[in-house]
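These are my notebook entries on what I looked up in this structure, set down in the order in which I went through it.

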Amino acid sequence: NFFMGIAKGLEYQLSEMGYSLVIASSGGDIEREQKLIDMLVAKKVDALVAATVDSEPDKLKGCIAQGIPVILVDRLLNGISTNQISWNNFESAYKLTELLIKNGHKRIGIINVHLSNSNGAERLDGFRQAMEDYHIPLRKEFVSQANFSENQAYDSVLKMMRMPERPTALFCANNVMVEGALSALQDLQLKVYEDISMVAMGNLSCNKYIHPKITCAVQDSFKMGVKAGDILKDVLNGKQFYTAQIRMETELKEYGSIKKI
């Protein structure tokens, strides 16, 4: 749903120019992503908008070298000169962590995503900075390894919540981490708010079905797609000859998942 929001925003902009949008998904697999890029280049696409999972820029740099404009969305990539649109990950993670701290929480666990990805690294940095600014020691056992799947998040939460002195709150770095965390809590017969507070980055589809809803930093993916379309129109029309890194704001939505202690 998140990436379809970006696609819809792009399509909204490009339809005015008479361009067609081709959507391809790697499912988070780097090798598949590289094959898809090769296929699209072979089809002679006019431009490429990518939310890449590859932390190396070589494949996309090759596209640029062939004269294909590339716009990166949702995450930043070092070592490549092109337009990139991402989120204010550091600030959002800081604010979510600060919200837990201001409600009395000091034993806070973080369920990370891949740290080779700029989103994951920046969210962990924001979490760490909030803990440091409020003089709360960062316990290594409360910082998960890099996770990608729901099952990995599940295992991380099980391990933390089985500790003799477990966290009183969890910060989940994206919606997949939330789903793994909720599954682990259910198996441990623990309830959000009553037994553990929780916050998360991202648009949580699970919030439609659970009570209390999880406090989260919401990302407007459609707006990101529109912004990418704005840039792409200028690039394709030869009106933009520079590259920029754009940070988009998230919106903090407070629900009933944080217990004051």
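Entry 1, salt bridges. I began with Glu165 in this predicted model, and I noted that Glu165 is partly exposed, with a relative accessible area of 40%. I then looked for its partner and found that Glu165 forms a salt bridge with Arg139, the closest N and O atoms being 3.0 Å apart. The pair links distant parts of the chain, since I found Glu165 in the loop between helix 6 and strand 5 (169-172) and Arg139 in the loop between helix 5 and helix 6, 26 residues apart. For Arg139 I wrote down a relative accessible area of 24%, and this residue is therefore partly exposed as well, because the range for that label begins at 20%. Which residues are linked in a network with these two? I found that Arg107, Arg139, Glu141 and Glu165 are linked in a network of salt bridges.

How many salt bridges does a search of the whole structure find? The count that I entered is nine.

I next looked up Arg247 and Glu122, whose side chains meet in a salt bridge with an N to O distance of 2.8 Å. This pair also links distant parts of the chain, with Arg247 in strand 8 and Glu122 in helix 5 (residues 118-133), 125 residues apart. Is Glu122 buried or exposed? I found 16% relative accessibility for Glu122, so it counts as buried, the cut-off being under 20%, whereas Arg247 is partly exposed, with a relative accessible area of 40%.

A further salt bridge that I checked lies within one helix: the side chains of Lys102 and Glu98 meet at 3.9 Å, N to O, and both residues lie in helix 4, four residues apart, which is about one turn of the helix. I noted that Lys102 is exposed, with a relative accessible area of 52%, while Glu98 is buried, with a relative accessible area of 18%.

Entry 2, Ser92 and the strands by it. I stayed with helix 4 (residues 89-102), where Ser92 has its place, and I noted that Ser92 counts as buried because its relative accessibility is 4%. What is Ser92 in contact with, leaving aside its neighbours within four places in sequence? I listed Met201, Ala217 and Thr250. Met201 and Ala217 turned up again when I looked at the strands, since Ala217 in strand 7 is the bridge partner of Met201. Strand 6 (residues 197-201) and strand 7 (residues 215-218) run parallel and are joined by three bridges. Strand 7 is also joined by three bridges to strand 9 (residues 251-253), and there the two run antiparallel, with Cys216 standing opposite Lys253 in strand 9.

Entry 3, the open sheet. In what order do the four strands of the open sheet stand? I read the order as 1-2-3-8, with parallel pairing. Strand 1 (48-50) and strand 8 (245-248) stand at the edges, and each has a single partner strand, so one side of each is left without a neighbour in the sheet. From one strand to the next I noted a twist that averages 15 degrees. Strand 1 pairs with strand 2 (residues 70-73) in the parallel sense over three bridges, and within that pairing I found Leu48 opposite Val70 in strand 2. Helix 8 (residues 221-236) packs on the sheet, where it touches strand 1, strand 2, strand 3 (83-87) and strand 8, and its direction makes about 165 degrees with that of strand 3.

Entry 4, two helices. I looked up helix 2 (residues 30-42) and helix 3 (residues 58-65), which pack at an angle of about 10 degrees with their axes 10 Å apart. Since angles under 35 degrees count as roughly parallel, I entered helix 2 and helix 3 as roughly parallel to each other. Gln34, Ile37, Asp38 and Val41 in helix 2 meet Lys59, Leu60 and Cys63 in helix 3, and by class the contact has four nonpolar, one polar and two charged residues.

Entry 5, Asp155. Last I looked up Asp155, which has its place in helix 6 (residues 150-161) and counts as partly exposed because its relative accessibility is 47%. Lys259 is 104 residues from Asp155 along the chain, and I noted that 24 Å separates their C-alpha atoms.

Key: Residues numbered from 1 in each chain as written. Predicted model: local features only at pLDDT ≥ 70, side-chain atom pairs only at ≥ 80, totals over all residues. Heavy atoms only, no water. Buried < 20%, exposed > 50% of the residue type's maximum accessible area, 1.4 Å probe, protein only. Pairing = 2+ DSSP bridges. Axes fitted to C-alpha atoms, helices over the stretch in contact; angles between N-to-C directions. Contact = heavy atoms within 4.5 Å. Parallel < 35°, antiparallel > 145°, perpendicular 65-115°, else oblique. Nonpolar A, V, L, I, M, F, W, Y, C, P; charged D, E, K, R; others polar. Salt bridge = Lys/Arg side-chain N within 4 Å of Asp/Glu carboxyl O.
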